[in-house]
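Trainee: I have a structure to go through before the group meeting. Can you walk me through it?
Mentor: Yes. Put it on the screen and ask as you go.

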Amino acid sequence: MNAAGIREGIAQGKTSAVEVCRRSLDRIDAAAALHAFQHVDRDGALARATDLDARRQELTRAPLAGVPIALKDNMCTTGAPTTACSRILEGYRPPYDATVVRRLRDAGAVIVGKTVCDEFAMGSSTENSAFGGTKNPWALDRIPGGSSGGSAAAVAAGLVPIALGSDTGGSIRQPAALCGVVGLKPTYGRVSRYGLIAFASSLDQIGPLSQTVRDAALVMNVIAGHDPLDATSVDVDKPDYVAALTGDVRGLRIGVPRHLLRDGVEADVTAAFDRAIDTFRGAGAIVADVELPHASLAIPVYYLIATAEASSNLARYDGVRYGRRAPADTLTGMYERSRGRGFGPEVKRRIMLGTYVLSAGYYDAYYLKAQQVRTLIRRDYDRAFDRVDLVAMPTSPTPAFPLGERVADPLSMYLADVFTVAANLAGLPGISVTCGFSAARLPIGLQLMGRAFDESTVLRAADAYERETAWSRERPPHYWS
Amino acid sequence: MPLSLLPLQAMYEPVIGLEIHAQLLTDTKIFCGCSTRFGAPPNTNICPVCLGLPGALPVLNRRAVEFAARAAMALGCTIQPSSIFARKNYFYPDLPKGYQISQYERPLATEGALEYTGPDGAARVGIIRVHLEEDAGKSLHEGFADSERFTYLDYNRSGVPLIEIVTHPDLRSAAAAAEFFTRLRAILVAIGVNDGNMEEGSLRCDANVSVRPAGETALGVKTEVKNLNSFRHVQRALEHEIDRQIAALGAGNRVAQETRLWDAAAGRTVAMRSKEEADDYRYFPEPDLLPLEVDAAWIGRMRATLPELPDARRRRFATEYHLPDYDAGVLTQSMALADYFEKTAAAAGNAKAASNWIMVELTRKMNELGIAVEQVTLAPDALAELIALVDRGEISGPVAKDVFEKMFASGRRASAIVEAEGLRRIDDEGAIAAVVADIIDANAGPVAQFRAGRTQTFGFLVGQVMKATRGKANPETVNTILRRALTGQEHTGD
């Protein structure tokens, strides 16, 4: 089930938007055990599909006409529940559409519902959802990755061809890897953040999860581009990402930071990664070693900056204007009870850490220092990209781990992002595509990072790899076709 | 002030710096397209951005930057080519995001000064910085049936653009602070960035106050006094706070570093929070906004839009129109009054007369009616015509005042009133001599007294002649003819 095929089928009259939509909704119902969806908008989606069918003629050029799409539950949709999987936003219905949502609707997409994520996108396993986590379609006793775990599982299980996720430190790429689908984090500023419930503003970026690289490119054609409502969105030319998929990687220079792969990476992951690099070499790419000297600092830097921004971004959830309010006799009491009951433990942990990081007397030592190291990490990549076109590494050091395994140990959970946070700190585009399976038949992801605003090269290489291999056609045991 | 403080007062020197918040007169808010109109029904000028809804993002209103830059330039500040917005984090229900977008380490403009001639002579107050920020909403604690239990919130004001102007601690008395605030307000109003309306809160003032023994150069412990929302409150609150600090030091106590609130009703400042209780605002650069970059060409264009500022205009009035410093100072206190003067002076061709008419008769009339010069219906060229009639000798001074009243009341032109009511000045010596003769005949007593050497009755007799001619007689001619008639001399001297 891919978007390009669905669109084609509808255009040729072989199927209808309503039929496609109904099938997707039925699968979502059937796959309830995965708990990929936080909210399904059955009536709204069917009404929308009916309308699209009625206007089929005028929609022939709409790039996503009739394609069912799921959104991570941190993207605002007018009148539909949007909670970021937090108790504090239970029952909240935004009065406006996020820019990506508006662009998807304009492109003819049918939004079927909201997917489960870690509360406020804080986590790497989707276990931090206040309303229950998502299970991995490859093994129901394992996590789907996070924080966009619901989006990844929904695509992997065939419920929707495309879902949007958001990626602050790996939250698209890591669940894509762990669920065996494609996940692209665009360059910071490439896709508007307007209407994305903020976690860490300087790191957050929306991107697609899909079964094929081509579908990811198709979505990028729709959602990328400058937005006057987001001051950090960048007004640069937007290429045709689908047209960039030439399948040709001859002469493409791929850098591999071998020094990062020695410790803490599971053998199955290393083996799959090495085979992927061989595949590229075989297809005509040039592989070289690159050094990223400050890579080991990426996790601590990330957890200082992301938590600092989060502590401020989440201050608005105070029980005053929207979301849950826990009444009390005093204003402070109301704040404490609303926030105390509304936020889960991981969100509280990060708010406290971030508040500490920004406090008088600690700001220079933590926040400012972290920003300085962030610059060094960015320079590492600038230097690497003087010599190569892409940097390749595994997306995650391990395949999907068992549910509950790391819940009590936040630091081990944080290390799940060891290969992904750098792309956010440096603002670079990164993609994860499946490059093999572990002995336990769990998907393994290959990550390719590119230069800023060079999603085309990232997508081209990933697409070429997908054509060279059969991994993306593997289906999980829990798949609805 | 208790008398016992008097000797103490002379021993201490107050040191005052002000922080002024001025709303910018943009049509829309600083980070969204909502209207800034004051007085709209509560929560009607709001959107996801200024309500701080999840996912909403700020986009800087360039117009607010222009206004802020104009204000900063008018205060002689340097506009920084790159400045940075920062988040000031604190919880309050009328602050929808839990942080205020402001500027912190790198403000829009730095280091300027306001120079003017005040009642105590030349003054110079240094400006540390001018930065841009957003206003918060408004908490309504009273006025509702259930105000005992609830506070209502109006977010119409949330996101209205503000500039914060911070002065150096250059002010040395409450009166000087109030004077500075008056001058600053006049400038902000003159350049059209602020409406100067303190009742509606578009201009607000906080003060940092300390006192130190006279002759000491180190600063004393300061308090921050908030809620000084009129010129009178600035002066009264600072007087009170200065006395309070001096009394404390005089009694051997210390001044605590704290924030104090001016209670206008009680006429005193009350402690709000101590230094230890002060919020840690956890400022950090606003990641949702790019650094604010302005280039030299833009700064030049902004500078070109600035009108002549009050102090420069005052100096020009003194030289160009040869006005006394006092006149120039009074006329340039407001842009509108100065404009009125310049139009009148140009049309009348007599600047000093225009100045006199405006400072005396027009000001009296405005005070009488309780109106500002903007509401005066008498056009400058109409006043100029009246002045010209006097200058050409067509009407006398006393008649002119009468005509002025009639012009104000009826809106008719001076010449029409003079014509219709036959008020033209009588210069004809024969006609005046006839009236003088009548008056001498009718006032035998005073005439005899004058001739006996009681010359002060001369003025009475002049008055009688003027009264008989309804003020129209040329007073000089009346003087000459009357004196001649009384003394029998051909000339009354010089």
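**Notes on the two chains**

Mentor: Start with A:Ser147, which sits in the loop between strand E3 (110-115) and helix H5 (149-156) of chain A. Keep in mind that this is a predicted model.

Trainee: What kind of peptide bond joins A:Gly146 and A:Ser147?

Mentor: A cis one, with omega at about 10°.

Trainee: Ok. How many helices and strands are there in chain A?

Mentor: Chain A has 15 helices and 11 strands. For chain B the counts are 16 helices and 16 strands.

Trainee: What radius of gyration does chain A have?

Mentor: 21 Å, which agrees with the value near 23 Å for a compact globule of 481 residues. The C-alpha trace of chain A spans about 65 × 55 × 45 Å along its principal axes.

Trainee: And what radius of gyration does chain B have?

Mentor: Chain B has 30 Å, whereas a compact globule of 494 residues would be near 23 Å. Its C-alpha trace covers about 95 × 55 × 55 Å along the principal axes.

Trainee: What share of the residues in chain A is buried?

Mentor: 65% of the 481 residues in chain A. In chain B, 51% of the 494 residues count as buried.

Trainee: What about surface area?

Mentor: Chain A has an accessible surface of about 15900 Å², and carbon and sulfur atoms hold 51% of that. For chain B the figure is about 22600 Å², with 53% on carbon and sulfur.

Trainee: Contacts next. What percentage of the contacts in chain A between residues at least 6 apart join residues at least 24 apart?

Mentor: 77%. In chain B, residues 24 or more positions apart make up 69% of the contacts with a separation of 6 or more.

Trainee: How many residues does the largest nonpolar core have?

Mentor: It has 239 residues, and those with the most contacts inside it come from both letters: A:Leu64, A:Phe120, A:Ile223, A:Tyr381, B:Leu132, B:Ile163 and B:Phe180. Helix H9 (residues 298-313) of chain A supplies the largest share of this core, 10 residues. Apart from it lies another core of 41 residues, including B:Phe317 and B:Val418.

Trainee: Why would such side chains group like that?

Mentor: In soluble globular proteins, nonpolar side chains tend to be buried together.

Trainee: Which residues does A:Leu64 touch?

Mentor: Leaving out residues up to four places away in sequence, its partners include A:Arg7, A:Ile69, A:Leu104, A:Ile162 and A:Val222.

Trainee: Back to backbone oddities. What is phi for B:Glu111?

Mentor: Positive, about 45°, although B:Glu111 is not a glycine. B:Glu111 lies in strand E6 (residues 109-118) of chain B, and it counts as partly exposed because its relative accessibility is 44%.

Trainee: And B:His322, what is its phi?

Mentor: Also positive, about 55°, and B:His322 is not a glycine. B:His322 is in the loop between helix H6 (310-320) and helix H7 (325-331) of chain B.

Trainee: Is B:His322 buried or exposed?

Mentor: Exposed, because its relative accessible area is 66% and the cut-off for exposed is over 50%.

Trainee: One more. Where is B:Glu199 found?

Mentor: In the loop between helix H3 (174-190) and strand E11 (203-213) of chain B. B:Glu199 counts as exposed, at 72% relative accessibility. The C-alpha atoms of B:Glu199 and B:Leu389 are 43 Å apart, with the two positions 190 residues apart along the chain.

Note on methods
Residues numbered from 1 in each chain as written. Chains lettered and ligands numbered in written order. Predicted model: local features only at pLDDT ≥ 70, side-chain atom pairs only at ≥ 80, totals over all residues. Heavy atoms only, no water. Core = buried A, V, L, I, M, F, W, Y, C linked by side-chain atoms within 4.5 Å. Buried < 20%, exposed > 50% of the residue type's maximum accessible area, 1.4 Å probe, protein only. Helix = DSSP H or I, 4+ residues; strand = E, 2+ residues; numbered from the N terminus. Contact = heavy atoms within 4.5 Å. Rg over C-alpha atoms; globule rule 2.2 N^0.38 Å. Areas by Shrake-Rupley, 256 points an atom, 1.4 Å probe, with all protein chains shown as cover.
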